[in-house]
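Colleague: I'd like to learn how to read the packing in a model like this one. Could you walk me through it?

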Amino acid sequence: MARYTQAKCKLCRREGEKLFLKGDRCYTDKCAYEKRPYPPGHSGRMRHKMSDYAIQLREKQKVRRMYGVLEGQFRMYYHRADGMKGVTGHNLLFLLERRLDNVIYRLGFANSRDQARQLVRHGIFKLNGRRVNIPSMQVKSEDVIEVREEARKIPVINEAQEVIARRGCPEWLESDGANFKGTVKAMPSRDDIQFPINEQLIVELYSK
């Protein structure tokens, strides 16, 4: 499967916001965005007037990169959200939030979504008692996610548990770090997504 293999910090600098793509490092003074909060490249420090299209595109790219999905996947999520009842922009964010790799990251079993995706592919987790290896699976209310017993000594999982207090666990999830288990208490709401996202710009972009 195609994936982004270049420096992740460049993505944060390009979008002009921290996307927290490198886990705990993003909370320290080693963060590249803290050192150079401007776009990469020779003209990064120059001011550019952005068109409406460019603003919409940057918002879409920001959200896509934050959740770590490819363009084709993101477009699929948009069309699915557009066919659902309710506000399209909100539906889009809910679908992204309910991805298994995102939920594992939110529960504190991984330092980043990228790391969570890798752990899922290696079959580290069980969903409702069954081993899973598909990062894009959609969780639902009352689902129980747990680390397989033989994988509970993996260092990255224990390290992630130590920093969950720093970023917090959303109210729609319940994390039981001591037992390496998490529960989906309810479906996410728009208020649960605290990261500054203007989803209406994405809807306007795809509606053209």
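Modeller: Sure, and keep in mind that this is a predicted model. Let's begin with a helix pair: α5 and helix α9 (residues 199–206) pack with their axes 8 Å apart, at an angle of about 105°.

Colleague: How are α5 and α9 oriented to each other?

Modeller: Angles of 65 to 115 degrees count as roughly perpendicular. The angle here is about 105°, so α5 and α9 are roughly perpendicular to each other.

Colleague: Which residues of α5 and α9 meet?

Modeller: On the α5 side you'll find T88, G89, H90, L92 and L93, and they meet E199, I202 and V203 in α9. Sorted by character, the residues of this contact are four nonpolar, three polar and one charged.

Colleague: And at what angle do α4 and α5 pack?

Modeller: Helix α4 (residues 71–82) packs against helix α5 (residues 88–97) at about 125°, and their axes are 8 Å apart. That angle makes α4 oblique to α5. As for handedness, α4 passes α5 in a right-handed crossing. The α4 side of the contact is F74, Y77, Y78, R80, A81 and D82, while α5 supplies T88, N91, L92, L95 and L96. This set divides into seven nonpolar, two polar and two charged residues.

Colleague: Now the sheet. What holds strands together in general?

Modeller: Strands of a sheet pair through backbone hydrogen bonds, and the pairing can be parallel or antiparallel. In this model, an open sheet of five strands runs in the order β2-β1-β3-β5-β4, with antiparallel pairing. Its edge strands are β2 (130–131) and β4 (173–176), each of which pairs on one side only.

Colleague: How many bridges join β1 to β3?

Modeller: Three: they link β1 (residues 125–127) and β3 (residues 144–147), two strands that run antiparallel. To find your place in that pairing, look at F125, whose bridge partner in β3 is V147. Then look at what covers the sheet: helix α6 (residues 100–107) packs on it, touching β1, β3, β4 and β5 (181–184). The direction of α6 makes about 55° with that of β4.

Colleague: Last topic, salt bridges. How many does a search of the whole structure find?

Modeller: The search turns up twelve. E59 and K62 form a salt bridge, with their closest N and O atoms 3.1 Å apart.

Colleague: Why are E59 and K62 separated by about one helical turn?

Modeller: Because they sit three residues apart in helix α3 (residues 52–67).

Note on methods
Residues numbered from 1 in each chain as written. Predicted model: local features only at pLDDT ≥ 70, side-chain atom pairs only at ≥ 80, totals over all residues. Heavy atoms only, no water. Pairing = 2+ DSSP bridges. Helix = DSSP H or I, 4+ residues; strand = E, 2+ residues; numbered from the N terminus. Contact = heavy atoms within 4.5 Å. Axes fitted to C-alpha atoms, helices over the stretch in contact; angles between N-to-C directions. Parallel < 35°, antiparallel > 145°, perpendicular 65-115°, else oblique. Left-handed = near helix turned anticlockwise from the far one by under 90°. Nonpolar A, V, L, I, M, F, W, Y, C, P; charged D, E, K, R; others polar. Salt bridge = Lys/Arg side-chain N within 4 Å of Asp/Glu carboxyl O.
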